[in-house]
Every structure is written in structure tokens, then in C-alpha cells.
Amino acid sequence: MVKISVLQHAPAEHLPRRPGDPTPVARNLDPLMHPFARARERTRALNAAKMTRMFAKPFVAALEGHMDAVEVITKKPGDLITVASGSWDGGLIVHNISTRSHILNLPQAHKGKLSGITFADDSRILSCGVDRTVKLWDTRSQDETPSMVFPGKSPFNALDHHRSDPLFATASNIIQVWDESKTSAISNLTFPTATETITSVKFNQSEPSVLASIGSDRSFTLYDIRTGKAERRVIMHFRSNALSWCPTHPTTLLLASEDHNLYTFDIRHMDTPSQIYKGHVAAVMSCDWSPTGLELVSGGWDRTIRLWKKDRGTSEDAFHTKRMGRISSTVVTNDARFLLSGSDDGNLRIWKSNASEKMGVVNSRERAAIEYRDELVNRWKMDKEVGRVARARNLPKPVHQASKLKTTMLEAQRVKEERRRKHTRSGDSKPKAARKKAVIVEQA
Amino acid sequence: MDSLIAKADALGKKRKYYAPSAAGPSKKPQSDRTFQSIQKRTSVPKSLQVVTPENAKEYKHIANKKLRTELNKQSAQNSQAKALLEDADLLLTGEAGMMEVEGEMDKTWRVGQSEMAENSGQEAARGRREWKLDGGPYRSRYTRNGRHLAIAGSTGHVATFDWQSGTLHTELQLQETCRDITFLHDESHFAVAQKKYTFIYDRDGVELHCLKAHIEPTRLEFLPYHWLLASVGNAGYLKYQDTSTGQLLTEHRTKLGACTAMTQNIHNAVIHLGHHNGTVTLWTPNLPHPAVQLLAHMGPVSSVSIDPSTGGRYMATAGKDSTVKVWDCRNWKGCVREWTSRGGQAEIEWSQRGALAVAAGGTVNVYTKPSIHTTVHGNTQPPLYMTHPIPQRPLSSVRFAPFHDILTVGHNAGLSSILVPGAGEPNFDSTEADPFENKKARREREVKALLDKIQPDAIMLDPEFVGTLAPPPSAAEDSTIPFARLSRMDRLKVSGKIDDTEMNSSDEEAPQDAESKAARKEEREKRKMRGKGKSMKRYLRKQRKNVIDPRAVAVRAKLEKQKEQKRKEIELRNGGEVRKPSALDRFKRPS
């Protein structure tokens with residue numbers, strides 16, 4: 001007796017039931033059914049990397065309106081579209097970045113440079129300038145006169161508003177804390193031995209009575225407005241140009257330094273920075289955290305904007321255009337999708353934070369394809385060719401030349417140091433990690 | 001200030017690495033109450049659970065911590081995915097065909113085609129067909145999804161059709177010799193090896209290209225993932241044409257004359273050629289010489305085929321010496337088994353599930369899997385699974401239909417397709433090859449396949465090489481291990497005294513420092529005495545192993561002794577007398 005069965009497919013199972021139905025898909029995951037699975041995946045990854053770079057068009061728009069260099073940009077907390085900017089000629093503009101229109105335009109808000117803006121609450125804005133005043137504006141009234149003026153003794157360099165209370169802090173040669181309803185400062189904060197000019201001040205977001213400031217004598221200082229004292233002070237090798245508190249991790253602080261680097265500090269260990277971010281070829285002028293606390297953005301004197309991942313020392317991306325001047329302020333919008341940069345040429349520019357992101361409606365199939373491509377690139381980034389395509393960035397020639405020169409100089413320094421070490425008695429001088437070199441002294 | 005710091009601690013302390021103290025007991029991780037309370041009531045799907053399988057590879061040798069973690073995570077994920085693949089087998093619904101006998105005396109090969117067609121389903125029985133055609137011995141080829149068939153008669157009758165629905169795509173009378181036919185990526189194009197050149201036609205039979213570089217072709221193969229059309233001809237040139245760009249990629253001169261046996265290994269895209277002097281050569285477009293060359297038969301090789309069911313591990317060859325041999329592609333030292341096929345030269349082909357069809361003389365024999373792969377010494381035929389007589393000699397081609405239990409045999413009077421239960425893979429994958437695909441799916445797959453086209457320089461014997469990491473460095477390259485702790489071999493390696501010519505000659509892409517070492521050796525050799533630089537001598541010197549094996553010396557001495565003794569015995573037997581040792585013997589020359 002013989003048992004015979006011959007393979008036959010039921011066509012009904014593999015054809016659509018009714019016209020218009022999708023065709024059924026059969027899968028067999030046996031690796032023998034998929035020859036060259038790895039090689040094909042690599043090809044797909046390479047194509048994905050190329051597509052990502054092909055679609056990388058980060059520039060969205062330029063917002064005009066300022067007559068002089070943009071000095072400062074501030075986003076409104078809890079709002080995706082409202083952004084205020086101030087310029088060197090004292091002009092103040094509140095932009096709606098979604099319609100690219102002006103909500104408020106004050107060409108002569110201050111005499112001379114407008115050095116700081118902060119949102120007080122939903123509709124009011126505080127600004128300070130080198131004309132020794134802090135002014136309070138109402139965005140609803142379109143009024144050219146401020147609703148309140150706080151006179152000071154010296155030119156202000158920066159100001160920041162308390163997260164919840166009607167308090168704000170200004171930076172001049174000292175830190176002053178003001179009440180919105182009083183015309184004179186309620187307290188002065190200064191480190192006892194300091195004789196610096198304070199260039200920037202920021203309130204912590206989760207412990208709002210803590211303040212951080214940076215000064216012209218290469219220091220950054222932490223204050224507490226409840227004790228009214230400076231708590232810690234750190235002197236570094238170079239002065240910092242901007243600072244920013246991490247929005248998700250309350251003890252992390254970011255500094256943009258004059259030595260072309262950015263530093264993050266954990267304020268529990270102020271003797272060493274937790275990470276150095278190297279990549280700019282000139283002084284870093286501004287920095288900001290993404291609201292997720294995982295990415296950073298910085299703008300520099302070298303006319304580039306760089307994007308960083310937290311705790312990764314090399315930049316993920318660099319944005320530039322032909323006509324952009326030196327960047328004095330950068331901000332990440334509250335949905336983390338866009339960056340804003342203000343530069344010397346008087347323009348405010350909007351950039352995508354993911355250069356190859358597609359604007360507009362993305363359907364689910366496209367979304368799935370994009371996610372698959374991203375994962376492929378991430379998985380194959382160690383491959384020589386895929387990694388090269390994914391990492392390569394075309395930089396402006398001066399930036400490229402400067403970075404080459406910088407590498408040469410740093411390499412020469414390293415070699416010199418090594419030779420010196422080789423020709424001294426062994427053990428006399430040990431190599432020091434770059435992170436340990438950054439801080440000169442920590443004062444308490 | 002302190003409250004800020006306290007707040008930060010709530011998020012978890014900054015990790016610090018302490019050296020483990022010898023005395024202090026290690027702290028156990030505190031149990032998470034929330035986790036435990038949820039754990040009872042929730043169960044995460046198996047595919048989402050993070051398990052580190054035991055066989056996951058760990059990259060301990062990589063110094064960069066971030067990279068190491070990433071790689072370990074990836075390898076854990078990979079091995080988990082592999083384990084989950086086994087579960088996915090449950091979802092496969094198709095059932096393979098089979099033929100089983102109950103009694104000892106019953107044999108499967110006694111079952112004839114008519115009985116088989118009766119006992120199988122109506123749909124399956126349609127696979128048993130006879131095409132009676134004039135125009136000489138026919139060759140045939142299926143598309144990868146098994147739906148379409150292309151046939152070419154040696155006098156110039158060429159046709160392509162959907163054999164299931166019976167729709168004819170095209171029928172041509174080319175009026176000249178056609179030696180082979182193959183579909184390109186799908187049924188929309190096919191290539192014919194004609195008298196003088198290779199021609200490409202489209203589905204409607206319109207001649208699209210005449211490939212004048214492929215002169216007098218005898219066999220064609222299409223590599224679907226690389227979009228390469230390979231041909232070999234009477235002149236013995238193997239040519240690769242890229243069908244996506246149209247450019248002739250490479251041509252290799254085999255130097256072995258006309259060639260009439262060619263096949264591809266679908267798992268690594270290596271072309272196997274069988275030559276008239278009995279050799280089988282393996283070719284990739286990147287090497288100007290064969291990757292492997294072996295003497296398979298004592299006469300011309302008539303047919304070569306590779307087993308797709310084992311990932312291309314086994315190769316079968318048939319020769320005009322009327323033997324069929326099965327080879328293990330990992331070890332070319334002799335064949336796995338060989339047997340004589342009655343009726344002279346045979347045409348052979350493996351099916352998707354590993355059935356081997358041998359068409360020789362006037363019969364087609366089919367052998368099945370475990371027995372044809374087992375090593376047997378001597379000339380024994382493996383147990384026969386099925387046999388079918390076809391009187392119209394010669395049998396010029398055998399092709400299994402993918403995803404069907406059908407074998408199509410081309411012969412002098414047309415083609416006949418017979419049922420072979422258990423030959424075809426029951427479960428197809430729509431992303432690779434779908435017998436039921438419609439026009440839209442075909443177009444989409446064409447575009448996707450073009451985007452996924454693999455560059456031809458990636459063809460090599462091991463297809464899994466892509467994306468693998470360099471192996472962990474040996475102890476000699478690891479600078480952290482002190483010299484005193486190294487093994488003797490490693491010490492020699494470090495001090496550069498080892499003779500590494502053999503290691504280098506095996507693989508061409510040795511690391512750079514090894515190359516420089518070899519270069520230094522070359523320099524040293526150059527400075528040697530005159531007359532030693534003859535190429536033959538240099539070659540022999542390289543082949544010589546620079547090791548004195550005490551065992552080999554002892555064996556040699558023993559053999560010498562035995563020989564001497566034998567000689568003496570023979571001398572004695574021949575009437576010679578035992579010579580007394582003389583004092584003058586010491587001056588005698590050693591013979």
C-alpha cells in the first residue's frame with residue numbers, strides 16, 4: 001500500500017477574496033528562503049543613508065525685521081509658536097513662527113543694545129538693555145510705551161524670570177533679584193571675592209530658587225535666592241559665553257565656552273565637567289537644550305549651528321548657509337522639531353532639528369518606511385561605506401580649513417607633550433585627561 | 001542648593017565605579033515593589049521580553065564600552081530573533097508532498113506516474129503533462145516563482161508560457177540553433193543562447209538586445225540578486241553582463257576549452273562550470289582565476305547542480321564517464337558518494353527540498369535526501385525514490401518547478417513533466433517569489449529588487465562575510481599580555497621570526513603588518529647566494545615546512561632499516577652467503 005500526497009496550492013487562499021481586497025501575503029522566515037539577506041540589508045542601509053543625506057534640507061525660513069544683529073532669542077514657556085528676539089539697535093520683536101508674522105514690533109524698545117528678554121507670564125515680556133533699564137511690555141496692547149520701567153545703576157547684560165513667582169534676576173556687575181511690583185531690586189547676590197562682570201544668568205527649572213551665572217573672569221557661579229548667597233564658584237581656563245540648565249535633569253548645566261568647546265557639568269561634581277563637546281572651530285556663542293534633555297544645540301562665531309547628543313562628544317550635524325553671520329543666540333522650540341538661530345546679519349532663521357525630516361502630513365506607510373530606514377542606518381553605521389555616507393558633512397571652506405589647522409595644532413601639542421614626557425624622569429609628569437584640565441579651581 | 005541635589009538623587013545617583021572590596025559582602029539589588037505587584041498580573045508577549053540567550057555572542061575583547069554594550073545588545077537581539085524564528089514555523093500552513101510505503105517489500109519507485117496522478121488532487125494532477133514538439137532536444141527553465149516556463153528547442157523553437165493557466169506569452173521560430181534559455185529577473189524578459197550571440201527578448205517576443213560580446217554561448221545563468229547574466233560558450237569564456245545597467249562586467253578566460261555544464265549556487269552566487277577535461281571550476285566575477293578547481297571526472301563533465309536545501313553545501317556532478325558524484329563543498333577531498341548511471345552522460349538537478357533527479361539514457365531517476373548526503377565508499381547507487389522511463393532520447397534537460405512537485409524533462413520529442421511528490425517547498429514567501437502575484441506586485445518587486453541590487457564585487461564563497469566583525473586579536477597582537485606569558489608560537493610571531501609564508505599564501509587579504517613582514521622576508525631572500533633565486537627553487541623552499549618532526553625522522557629511519565633487512569633476505573634467498581663483517585667495511589661508500 002502506498003500513501004501518496006502531492007503538493008498543491010489552493011489558489012483561493014492566495015488570491016484576494018473580492019475585487020479590491022488586498023492580495024494575501026505569505027511569509028516563510030526560513031533563512032534558506034532568503035539568500036543574501038545580510039548583503040541586501042546592507043545595500044538597503046546604504047541606500048537609506050544616501051536618501052537621508054539627499055533629503056537633508058534643514059533650512060526652513062528666515063524671519064526678517066531687525067535692523068541690526070540679533071543678540072538674544074527667547075521662547076515662551078509652554079508655547080510652540082511665540083518667540084521674542086532683541087537686537088543691537090534696541091529693537092524688540094515678538095514673532096509668531098508658525099505664520100512667520102510679528103505679534104509685537106518695537107523698533108526702539110531700548111537705547112543701545114537690547115541684551116536680555118524673558119517672558120514674565122502669558123502676555124508680558126521683560127527686556128533689559130545697556131541703557132540701564134529693565135522694561136515690562138504687554139504684548140496684547142501693541143503699546144509702544146512700557147507698562148513698567150525698572151531703573152538700574154549699571155548696564156544690564158542678561159535677565160531671567162523665576163519659573164513660578166513674580167521674581168526676576170538681572171546680571172550686571174552683580175546679580176540683582178527684583179520683584180515685578182517693586183521698582184528697586186529686592187536683593188543683591190555676589191560672590192564675596194568676585195569683581196567680575198556677569199554676562200548671563202539662568203534660573204533652575206525644577207528648583208527655581210537656584211540661579212547660575214557666568215562671568216567675564218572665566219567663572220561660573222551658583223546662587224540660592226533663599227539664602228541670598230553665592231554657593232559655589234568654579235574658575236575655568238576660558239570664559240563662558242552662554243549657559244543653560246538641562247530641562248529634564250535638574251543638576252546638569254551646559255556651558256558654551258570661548259575655547260571652542262561646550263561643557264556639561266553635574267553640579268554635584270563641579271571639579272570636572274561630565275562631558276566635553278568638541279567640534280566648533282571658533283568660540284561658541286550660545287547654547288540650548290532640547291526639551292527632551294537628550295539633545296543640545298549650539299551656535300558659534302564660526303557661523304555654524306551644531307547639534308549634539310547628550311554625552312556624545314562629537315557633533316551629530318552642522319548647519320550653515322552662505323549668508324549667515326556669526327551666531328549669537330540659538331533656541332530649540334518646545335516641540336523639539338525646530339531650531340532658531342539669531343545672527344549678525346539681523347535675521348532669525350528657522351531650521352529643522354532633524355535635517356531630513358519631511359514637513360507636512362506623513363501617512364502611516366511612509367512613517368513606517370522612514371522608521372525602518374533610520375533603524376537600518378543606525379544598525380549599519382559601523383559599516384565603512386554606510387558610516388561614511390551617514391557621517392559626512394560638507395562644511396564651508398573656511399570652517400573646514402580652520403578645523404584642519406586646529407587638528408594639526410592640537411596634534412603638534414600632543415606630540416610635544418609626549419616628547420617632553422619621554423625626556424623627563426619617568427613618573428614626573430603624568431598625562432592628564434582633557435576633562436580634568438578644564439577646571440582651574442573650585443571655590444565654595 | 002541641597003534640596004536641588006536631593007532632587008537629583010531622586011532620579012538615581014550618578015554611578016561611580018568602586019573597586020570591589022575583598023572583605024565587604026556585595027549588596028543585593030533592592031526589590032522593586034511596583035514591579036513585583038505588576039508582575040503577577042501582567043505578562044509581556046514573548047517577543048517583547050528581554051532575554052539574553054545563553055548562546056548570544058559576547059564581545060569581551062572590544063575596549064570601547066559604549067560600542068561593546070551596543071554590540072552585545074545586538075547579538076542578544078539576533079540570537080533571540082533566531083530562537084523566535086523556530087516559533088514562526090508554526091504559522092506555516094502548507095504541507096509538503098510525500099510518498100510512503102508500509103511494507104518492507106513495497107518500494108516507492110514501483111509507483112508509476114498514472115497511479116500517482118490518480119491518487120493526487122485534481123489541482124496537483126495537472127502537473128503531469130506531455131508536450132509533443134518537433135525541433136530537437138529541448139531545454140527548459142522556470143521562473144523563480146515556478147509559474148512560468150521557457151522552452152528552447154535546438155532547432156530554434158522558443159516559447160514562454162504560464163504553464164498553470166495555459167496562457168502562451170510568446171512563441172518564436174528563430175531558425176537557428178538555440179542552446180539554452182533563461183528568464184531574467186522575472187517572466188518579463190528572457191535570454192536565449194543562439195547560434196552566434198546571446199539575445200534578450202521581452203515577454204512578447206520582441207528582440208530587445210543582441211549581446212555581441214557573448215559569442216557562441218552554450219549555457220546561460222542569471223544571478224537574480226546581482227542582476228547579472230552569466231554565459232559560457234564554445235570559446236571557454238565566462239562573461240558577466242549586468243542587466244540593470246547593460247554593461248559587460250567581466251570576462252574570464254577559463255583556458256579549459258568549450259564548456260557545456262554550468263550552474264549557479266543561489267546562496268553565494270558563485271558560478272560552477274564543468275569542463276571537457278573533467279574539471280569543475282568555481283568562479284566569481286572578482287577573481288581572474290577559479291576560486292576552486294577540482295578534477296571531478298575522468299571524462300567530460302556533462303552536468304553540475306547544487307543542492308539549495310542545504311544552503312549550497314552539496315554539489316552533484318555527472319560526467320560522460322557515466323558516473324554521478326556528490327561533493328561536499330566545504331571539503332573537496334574526494335566525493336561524498338558516487339555511482340554509475342546507466343545510459344552514459346546524465347543531466348542532473350536538485351529540487352528545493354533536496355531531491356536529486358538524474359536523467360540518463362532513457363530514464364529519469366530521483367533520489368532523496370538523507371541517503372545522497374551520507375558518505376559511502378565505493379560505487380553504490382543510493383536507494384531509488386522514483387523512476388520514470390522516457391524513450392525519446394536524448395534527455396537534454398531536467399528542471400524542477402519551484403514550489404511544486406513537478407519535474408520537467410526536455411527530450412528529443414518535446415518535454416514531459418512528471419510528478420515527484422515531496423520535491424517542492426510548500427511555503428513560499430511573497431517578498432521573494434510568489435506564484436500567485438499579480439501585475440502590481442510584480443512591478444513593485446522589480447523596483448524593490450533593483451534597489452536592493454547587490455554590487456557584484458560582494459560575491460564570494462562565504463556570503464555571510466558581509467557585516468561581520470574582525471575576529472578578536474590573537475594573544476600575539478594583544479599588547480596587554482606580557483611577552484613572558486605568550487606561547488612559543490606567539491613569541492615567534494611577536495619577534496618576527498616565524499615563517500608565515502604558508503599562512504599568508506592561503507588568504508590574499510592578510511593584514512598590513514603581515515605583508516610588510518613578508519616583504520622583509522623577500523628582501524632577506526634576495527641577499528642570499530647566487531643560484532638560489534631560481535623561481536622553482538624559491539617555490540620549493542616556500543613549500544618546505546621548516547620543521548623537523550622527530551616522529552617523521554624515526555619512521556624514516558625505521559623504513560630504511562626494514563629496507564636494508566629485506567635486501568639482505570633477498571640476497572640470502574638468491575644463494576648469496578652471509579658476509580662476515582670486515583674491518584675494511586668502514587671505508588666502503590654508503591650505497
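A residue is counted as buried if 20 or more other C-beta atoms lie within 10 Å of its own. By this criterion, 41% of the 444 residues of chain A are buried in the structure, which is a predicted model. The C-alpha trace of chain A extends over about 110 × 75 × 45 Å along its principal axes, and its secondary structure comprises 6 helices and 30 strands. Among the contacts in chain A with a separation of 6 or more, 47% are made by residues 24 or more positions apart.

The UniProt record, in an unreviewed entry, lists the feature "repeat: WD" for chain A at residues 107-147, 277-318 and 320-361. Of these spans, residues 277-318 of chain A are 50% strand and 0% helix, with the end C-alpha atoms 13 Å apart. Residues 320-361 of chain A are likewise 0% helix, but here strand accounts for 40% of the span and the end C-alpha atoms lie 26 Å apart.

For chain B, the domain assignment yields domain 1, covering residues 111-419, and domain 2, covering residues 483-527. The C-alpha centres of domain 1 of chain B and domain 2 of chain B are separated by 46 Å. In chain B, too, the feature "repeat: WD" is placed by UniProt, again from an unreviewed entry, at residues 294-328. Over residues 294-328 of chain B, strand makes up 57% of the chain and helix 0%, while the end C-alpha atoms stand 12 Å apart.

How values were computed: Residues numbered from 1 in each chain as written. Chains lettered and ligands numbered in written order. Predicted model: local features only at pLDDT ≥ 70, side-chain atom pairs only at ≥ 80, totals over all residues. Domains from an automatic or database assignment. UniProt positions renumbered as here; feature names shortened; annotations may be inferred. Helix = DSSP H or I, 4+ residues; strand = E, 2+ residues; numbered from the N terminus. Buried ≥ 20, exposed ≤ 12 C-beta atoms within 10 Å, placed from the backbone. Contact = placed C-beta atoms within 7 Å.
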